[in-house]
Amino acid sequence: MRELEVLGWDEAWATAFEPYQAEGLAPGRVAVQHRGAWDVLTEQGEVRARVPGRLRHGSISRAELPVVGDWVALDPTPSPAAIRAVLPRRTSFSRRAAHEPGSRSAREQVVAANVDVVFVALPLSEEVSTRLLERYLTLAWESGAKPVVLLTKADLEDDPAAVAADVAAIGGEVPVHAVSSRTGLGVDRVHAYLAPGTTAALLGPSGTGKSTLVNALLGEDRLATGAVRDGGAGRHTTTRRELVLVPGGGLVVDNPGMREVHLWIADEGLDEAFEDVVELAAQCRFSDCRHEGEPGCAIAAALADGRLARERWDSYRSLERELDELRERLERRGDSRARRRRPGAGGS
């Protein structure tokens, strides 16, 4: 299994795979997801695989089907090979599937699985969006991975260190690094997170230079990149998620730009991303304080004396409401499905 160790395979994965090994199946890790097909890395190399109907129809939701980063049990005998099972994920970066807000349904989209580090990339070629960063950090913390902020295209900013310091004040303990693939600034710091067997997911909007950064880590122009427009904005060229092995150890999942970052279930992630707000709320006189004018409200006091910025508080409440609405929507869906499954429901 030494060939798999460079992909992150360890004793815990081997233990989880034992029932499938007894069935004669082989372990592999999903590198690319196509429409109806998956490229899987195995001891024998990369193979094209499919998901048979039994696994597809036996899944409760599409979120349980293989995604980039998943470890799977592979049957190599058919052509193409067949993915028989997905091993339980250690971590997963999920969002609410794009283009669905306001619709009657809400669906989880797993962007990448079994990642140890989430690189949130935002370009210094434009003003850093604090609200967008807070969304990414909320989902990154919820994933179970370690978030790291990368301020790309640092060569286009006169004082990248100052901007990094300002962003660090938002992220709390989250590391922040200014990076330039053009000059090499900060690339060594990014590489330092990629110890052998470690997997990182590189996420961010279109035009942030994610694929260019991956090429810098690889030492070759392997991934397609877009031409740079005036002002340093790149064109969106990455159209698929891909797991690539970095020389010297570590793996990176390159992702297409995410135009929409809607929250999935992320209560713990929200608390982590807004740890300062949570700590203030814990100091309120009443444990059920709604922060709407109650006496002894620590949030109100912090807003009044400037310790808590109004914009950050408004952002927290907005994300909190978004999660509440999602939770209510999912509960209504669950109640509706339960009624449909009830014997005798739907007519005589």
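Which residues touch the most other members of the largest nonpolar core? In this predicted model, the answer is a pair: Phe-93 and Leu-151, out of the 65 residues that make up that core. If you're looking for the element that gives the most to this core, go to helix α4, which spans residues 130-143 and puts in five residues. As a bit of background, nonpolar side chains in soluble globular proteins tend to be buried together.

Let's stay with Phe-93 for a moment and look at its surroundings. Leaving aside residues up to four places away in sequence, Phe-93 touches a run of neighbours made up of Gln-109, Val-110, Val-111 and Ala-112, and also Val-118. Its contacts carry on with Tyr-136, Leu-139, Ala-140 and Ser-143, and then with Leu-203 and Met-258. There is also a second core, separate from the one that holds Phe-93, and it has 19 residues. Val-117, Val-148, Val-187 and Ala-200 are among them.

Now for the charged side chains. Side chains of opposite charge can pair when their charged atoms come close. The model has 15 salt bridges in total, and a few are worth a visit.

Start with Asp-10 and Arg-90, whose side chains meet in a salt bridge at 2.8 Å, N to O. Asp-10 sits in the loop between α1 (2-5) and α2 (11-21), while Arg-90 sits in the loop between β5 (81-86) and β6 (92-96), so this pair ties together parts that are 80 residues apart in sequence. Both ends are partly exposed: Asp-10 has a relative accessibility of 30%, and Arg-90 comes in at 45%.

Next up is the salt bridge between Asp-75 and Arg-84, at 3.1 Å, N to O. Is Asp-75 buried or exposed? Its relative accessible area is 14%, and the cut-off for buried is under 20%, so Asp-75 counts as buried. Its partner Arg-84, at 38%, is partly exposed.

Further along the chain, Asp-305 forms a salt bridge with Arg-307, with their closest N and O atoms 2.8 Å apart. Here Asp-305 is partly exposed, with a relative accessible area of 46%. Arg-307 has 53%, and exposed means over 50%, so Arg-307 counts as exposed.

Finally, some salt bridges share partners. That is how Arg-131, Glu-134, Asp-276 and Arg-312 are joined into one network.

Note on methods. Residues numbered from 1 in each chain as written. Predicted model: local features only at pLDDT ≥ 70, side-chain atom pairs only at ≥ 80, totals over all residues. Heavy atoms only, no water. Core = buried A, V, L, I, M, F, W, Y, C linked by side-chain atoms within 4.5 Å. Buried < 20%, exposed > 50% of the residue type's maximum accessible area, 1.4 Å probe, protein only. Helix = DSSP H or I, 4+ residues; strand = E, 2+ residues; numbered from the N terminus. Contact = heavy atoms within 4.5 Å. Salt bridge = Lys/Arg side-chain N within 4 Å of Asp/Glu carboxyl O.
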